Amino acid sequence: MGLANGRTYLAIPGPSAMPERVLRAMHQAAPDIYGGPLHDLTAKIVADLKSVAQTKDHVAIYIANGHGAWEAANANLFSRGDRALVAINGSFGEGWAQSAEAMGIVAERVDFGRQSAADPDRIAAALRADKDRRIRAVLVTHVDTASSVRNDIPAIRAAIDEAGHPALLAVDAIASLGCDPMRMDAWGVDLLVAASQKGLMTPPGLAFVWFSDRAREDTKTADLRTPYWAWGPRAAPSEYYQYFCGTAPTHHLFGLAESLKMLLREEGLEAAWARHAALAGTVWAAFDAWGQGGEIALNVANPAWRGASVTAARIGGGGANLLRQWCEEKAGVTLGIGLGMAEPGDAAHGDFLRVAHMGHVNAHMTLGVLSVMEAGMLALGIPHGKGALDAAAKVASHA
Ligand SMILES: *Cc1c(COP(=O)(O)O)cnc(C)c1O
């Protein structure tokens with residue numbers, strides 16, 4: 001018998017659960033794009049987006065997904081042949097490096113594996129070795145969604161400064177914005193990218209690039225910049241259409257305005273960060289207990305290196321794939337697939353999954369996912385330690 005009928009839950013790291021309010025806000029007739037309320041709404045969204053990133057500087061909005069955000073960042077930062085130092089701890093760091101290379105940028109990778117945060121000393125060493133200062137920017141993922149590793153952004157800023165290198169610091173916060181603390185100005189981040197469909201709880205389709213005054217000044221002559229991707233007019237338009245280099249993404253803006261209101265003016269950003277930390281803690285506690293009696297482990301052993309919005313884990317013997325299938329078919333919960341942790345054809349390929357706890361999620365959703373996972377382990381005979389749900393409930397009880 002299955003127990004999947006009822007409201008399904010997509011617990012994958014993007015698109016995340018969309019609040020009904022956001023969807024309802026989108027359900028309206030097309031607005032005038034040449035004047036009226038949409039213009040005021042857009043100005044408010046711009047101000048709110050700066051608050052979410054904790055910056056006073058600039059933001060450009062694009063009709064794009066996360067890959068578009070990378071391309072926007074690359075186009076505005078670099079000239080053809082420029083060098084980027086890319087810190088890699090998962091598929092998304094690698095994805096940004098490849099995006100840069102495809103545009104004619106030389107990507108110098110510093111690979112930290114899939115279980116560890118970037119070591120600031122190695123970044124400083126790579127910058128010191130760049131004697132003729134050809135590295136224009138350091139690209140780093142805040143939380144790599146594939147591995148769930150979180151990098152220490154202030155420590156990387158300190159490493160750049162300590163090396164005395166002028167490189168800009170560019171951060172991919174697509175998986176973390178609104179979930180893990182991000183203080184763009186205080187942390188000395190020069191460029192930040194995000195997208196609508198993760199912590200910002202809005203359907204896929206909007207990408208954001210925040211940039212500092214310094215990034216704007218330093219990249220004035222970047223020759224990869226093309227009219228559509230140029231951030232200047234989007235961040236400081238003299239006509240409304242320049243915000244989007246054409247027709248506004250009207251309904252996405254309606255949705256986003258609602259989600260930003262929920263995040264900033266109802267829950268509050270700090271409370272949202274605390275909620276994600278607590279929910280992540282329930283997931284980590286459950287996995288720790290399961291791991292006591294089976295081939296089950298969190299991907300990132302060091303809690304200081306774990307993102308609060310997604311958890312990657314291993315369940316050996318192909319257990320991860322079997323469990324994902326069971327949860328979806330029998331219980332109405334879809335977990336994330338493992339991404340970039342083992343090659344297809346490798347015996348370990350079915351051993352990885354990800355649990356998202358990102359955006360519009362609360363205790364009953366995340367604790368519900370954990371109990372369903374335990375039910376699946378029982379049904380499938382996957383060996384696991386006892387007490388996982390108790391441990392998760394205990395973490396939630398302290399929140
Ligand atoms: C989701 C994600 C991306 C890619 O976003 P798409 O919308 O799938 O193009 C890039 N970086 C990170 C960290 C992500 O989580």
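Buried means under 20% relative accessible area, exposed means over 50%, and partly exposed is in between (1.4 Å probe, protein chains only). Asn-76 has 0% relative accessibility, so Asn-76 counts as buried.

This is a predicted model, in which local features need pLDDT of at least 70, side-chain atom pairs count only at pLDDT 80 or more, and totals for chains, interfaces and linings use all residues. Residues are numbered from 1 along each chain as its sequence is written, and side-chain values use heavy atoms, with hydrogens and water left out.

**Around the ligand**

The ligand has 13 residues around it. A residue is near if one of its heavy atoms lies within 4 Å. His-67, Thr-145, Asp-172, Gln-197 and Lys-198 come nearest. By class, the shell holds 5 nonpolar, 6 polar and 2 charged residues. Here Ala, Val, Leu, Ile, Met, Phe, Trp, Tyr, Cys and Pro count as nonpolar, Asp, Glu, Lys and Arg as charged, and the others, Gly among them, as polar.

The table gives polar side-chain atoms and their ligand partners. A polar contact is a pair of N or O atoms within 3.5 Å; within protein, one must be able to donate a hydrogen and the other to accept it, and residues adjacent in sequence count only if both atoms are side-chain atoms.

| Residue | Ligand atom | Distance |
|---|---|---|
| His-67 | oxygen | 2.5 Å |
| Asp-172 | nitrogen | 2.7 Å |
| Gln-197 | oxygen | 2.7 Å |

On its own, the ligand has 380 Å² of accessible area, and the protein covers 89% of that. Such areas come from the Shrake-Rupley method with a 1.4 Å probe; for residues, only the protein chains shown count as cover.

**Helix H3**

Helix H3 (residues 66-77) gives the largest share of the ligand shell, 3 residues. Helices (H or I, at least four residues) and strands (E, at least two) are DSSP runs, numbered from the N terminus. Asn-76 lies in H3 too. A polar atom of the Asn-76 side chain is 3.0 Å from the backbone nitrogen of Trp-231.

**Loops**

Ala-29 sits in the loop between helix H1 (20-26) and helix H2 (37-53). Ala-29 is exposed because its relative accessibility is 61%. Ala-29 and His-251 are 222 residues apart in sequence, yet 9.1 Å apart in space, C-alpha to C-alpha.

Pro-15 is in the loop between strand E1 (9-11) and H1. The peptide bond from Gly-14 to Pro-15 is cis, with omega near 0 degrees.

Met-201 lies in the loop between strand E9 (191-195) and strand E10 (206-211). Phi of Met-201 is positive, near 60 degrees, in a residue other than glycine. Met-201 has 4% relative accessibility, so Met-201 counts as buried.
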